[in-house]
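User: Please take a close look at one part of this structure. I would like a single connected account that begins with the side-chain contacts there and then sets that part beside the other sites.

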Amino acid sequence: MGPEEFRRAGHELVDWVADFRSGVAEHPVRSRVAPGDVARALPGAAPEQPEPLEALIADLEAVVVPGLTHVQHPSNFAWFPSNASLASVLGDLVAGGLGALGLSWQSAPALTELEQVVCDWARRLCGLSGAWQGTIGDGASTATLVALLVARERASGGSQRSGGLQACPAPLTVYCSADAHSSVTKAALLAGYGVANLRLVPVCQPGREMDTRALASLLGADQDAGRRPAAIVATSGTTATTAFDPLPEICALAKSYGAYVHVDAAMAGSAMLLPECRHLFEGIEEADSLCWNPHKWLGSILETSLLYTRDPAGLVGVMATDPSYLRSSRDGTVVQYRDWGLPLGRRFRALRLWALLRLEGAEAIRARLRRDLDNAQRLAALVGRTAGWSLLSPVQLQTLCLRHHPQGCDGEALDRHTLAWCEAVNASGRAHLTPALLDGRWMVRVSIGAEGTEWEHVEALWALMQAAAQASS
Ligand SMILES: Cc1ncc(COP(=O)(O)O)c(C=O)c1O
C-alpha cells in the first residue's frame, strides 16, 4: 500500500472508527458470540490477491464488532475501566505510521526522549517527587515481574552472575496481601522464588488492606528460620475491592529487613492525579518501584503501563545487554530503555499518552475522574439505603462491591442468587458487571469509569440490578 492509497483508506477507516465510537452504546455490552463463531466466519487462509477495503470493513462490522465485549460502552461496569480515549488512539496511529524501531537511543532518539518526558509529565501530575524515573511497558504484570527480578538480584547479591537462585544459601521470600492481583503470584513464580517462598499476608476487615502485624510476624519467622525476605509487593487499589495497603508501615518493615518494596497501583494510580486522593498513597515515596496503568482509568489505550524506579541502575544491572550491532558512540551518555525491561525492540508507546495529555489536557482528565468518584458515592448512597442490599467494603474510589441478600437466603443459595441476577444483567446486553469471590462467597463488582459513563448510565444500571435481583429472588 502506497501513501496515496493509505490516505484514502485511512480517511475511510478513521470515519469508520468514529462512527463505531459514536454508536457504541447501541451494541450489547457483552459479546453474544459462542466459542468458534468468529474463527468460523473467516476464511482459513490468507488471500493471494488484494481485497478491497470495503471487504475488510464488512468483516469488521459483521464479525469483529459482534465478537467484542464493548468495554468502551458507557454501561460497561465490568473488571476495571479500559478506556481507549480517541486522543490516545490518534497517538497510536502516529506511532504505527512512523514505524520507529526502539532498539537503542540511536535507533530512535525521539522515542527514548519522548518517553522520558512523558514519564516525567505523568510523575509531576501524580505529585511524585523527582526521585522517580519512569519507563513505559505493556502492563502491570510485566512491571511486577521486573521488580521481583531486581529484588531477587539485590537480595542475592547478583546471583544471576554466578549459580543463580539454585546456588543461594538461603531461600528468598516474597510477601503480598492475600488480595493482591494474580499477576504477583505469577511474577514470583516466574522470577524463580518458588511458591513455598511466597507469603500471602492476611487482610484486615473491613478495609481489606494488608495486615501489617501479620506481615511483621511472617517476616520475623522467615528470618528466624534462615530465609531471606527479599521483596514486599504492596497494592494501592486491589482488584477485588480497591483496598490500599498501608505503605508507611510496609516500607518501615521492609527497611528493617532489607527487603525491596514494589507498589502495584495498576488501576488506582490514576487517582494520584487528584490531590484529594493522594492521602491513599501516603508512604509511596519510601518504596523502591511503583507501577500504574494509564491504560485503565486514565484513558491511554492498552499497553501503556508506567513503571517508576528510584534506582534505574538496579534495572540495568539485571537486564542490560550489549550486542555489538547495537553499540554507538552515544553509549554511556543516554538512556537505553531496552535495559530497563524485557523487550529489545520497543514500540513508540509514549505517543499514546503524549497525545492524550496534550489533546485533552490534565484538567479535563481530572474532571472525568472526579465525575466517576462522585457517581460511585451516589450509587453507594442508593445501595446503602435500600433494604436487602449491602456494600461489602468501603468505596475508596470508583468500584463498589455489593450483594443482594433476600431474607433467609444464605450460603450456597445466596451464591446462586448472586450469580443468577448478575448473569441476568449481563445477558440483557444493557450493562456488564463482574462477579467475584470475596472470602469464598460470590459478590458483584460495579466498576464505574468508562469514559462515556454518566450518572444516567449508573442510575439505569441500578434499576436493572434491582429488577434482576427481584426476578431471581
Ligand atoms: C491491582 C492490579 N494489578 C495488576 C493487574 C494486571 O495488569 P496488566 O493487565 O496491566 O498486567 C491488574 C489488572 O486489573 C490489577 O488490577
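Analyst: A polar atom of the Gln-72 side chain lies 3.2 Å from the backbone nitrogen of Ala-84. This is a predicted model, in which local features need pLDDT of at least 70 and side-chain atom pairs count only at pLDDT 80 or more, while totals for chains, interfaces and linings use all residues. Residues are numbered from 1 along each chain as its sequence is written, and side-chain values use heavy atoms, with hydrogens and water left out.

The side chain of Gln-72 also has a polar atom 2.8 Å from the backbone oxygen of Ser-82. Both are polar contacts (N or O pairs within 3.5 Å, a donor with an acceptor within protein; sequence neighbours count only through side-chain atoms on both sides). Gln-72 itself belongs to the loop that runs between α3 (53-64) and α4 (86-98); helices are DSSP runs of H or I of at least four residues, and strands are E runs of at least two. With a relative accessible area of 17%, Gln-72 is buried, that is, under 20% with a 1.4 Å probe and protein chains only.

Gln-72 and Ala-84 meet again at the largest pocket: together with Phe-20, Arg-21 and Leu-68, they are the residues nearest its centre among the 20 that line it. A pocket is an open set on a 1 Å grid with protein on both sides within 12 Å along at least five of seven lines, a cavity one that a 1.4 Å probe fits but cannot leave, and lining residues have an atom within 4 Å of a point. The volume of the largest pocket is about 550 Å³. Its lining draws at least two residues from each of α1 (3-22), α3 and α4, and α1 gives the most, with four. By class, the lining of this pocket comprises 13 nonpolar, five polar and two charged residues.

The enclosed space can be set beside this pocket. The structure holds one cavity of 30 Å³ or more, and the largest cavity has a volume of about 50 Å³. Its lining includes Trp-105, Tyr-337, Arg-338 and Arg-346, and it divides into four nonpolar, four polar and two charged residues.

The ligand site gives another setting. There, 13 residues surround the ligand, and Ala-140, Ser-141, Thr-239, Asp-264 and Asn-293 come nearest, where a heavy atom within 4 Å makes a residue near. Three of these approach ligand oxygen atoms through polar atoms: Ser-141 by its side chain at 2.5 Å, Ala-140 by its backbone at 2.8 Å, and Asn-293 by its side chain at 2.9 Å. The shell around the ligand has three nonpolar, eight polar and two charged residues.

Finally, some loops carry backbone features to note. Most residues other than glycine have a negative phi, and most peptide bonds are trans. Gln-205 and Pro-206 are joined by a cis peptide bond, with omega about 5°, and Pro-206 sits in the loop between β3 (198-201) and α8 (212-224). Arg-208 is found in the loop between β3 and α8; although not a glycine, Arg-208 has a positive phi of about 65°, and at 4% relative accessibility it is buried. Thr-242, in the loop between β4 (228-235) and α9 (247-257), likewise has a positive phi, of about 60°. At 1% relative accessibility, Thr-242 counts as buried.

How values were computed. Ala, Val, Leu, Ile, Met, Phe, Trp, Tyr, Cys and Pro count as nonpolar, Asp, Glu, Lys and Arg as charged, and the others, Gly among them, as polar. Grid points are joined across faces, edges and corners, and a volume is the space filled by probe spheres set on the points. Buried means under 20% relative accessible area, exposed over 50%, partly exposed in between (1.4 Å probe, protein chains only).
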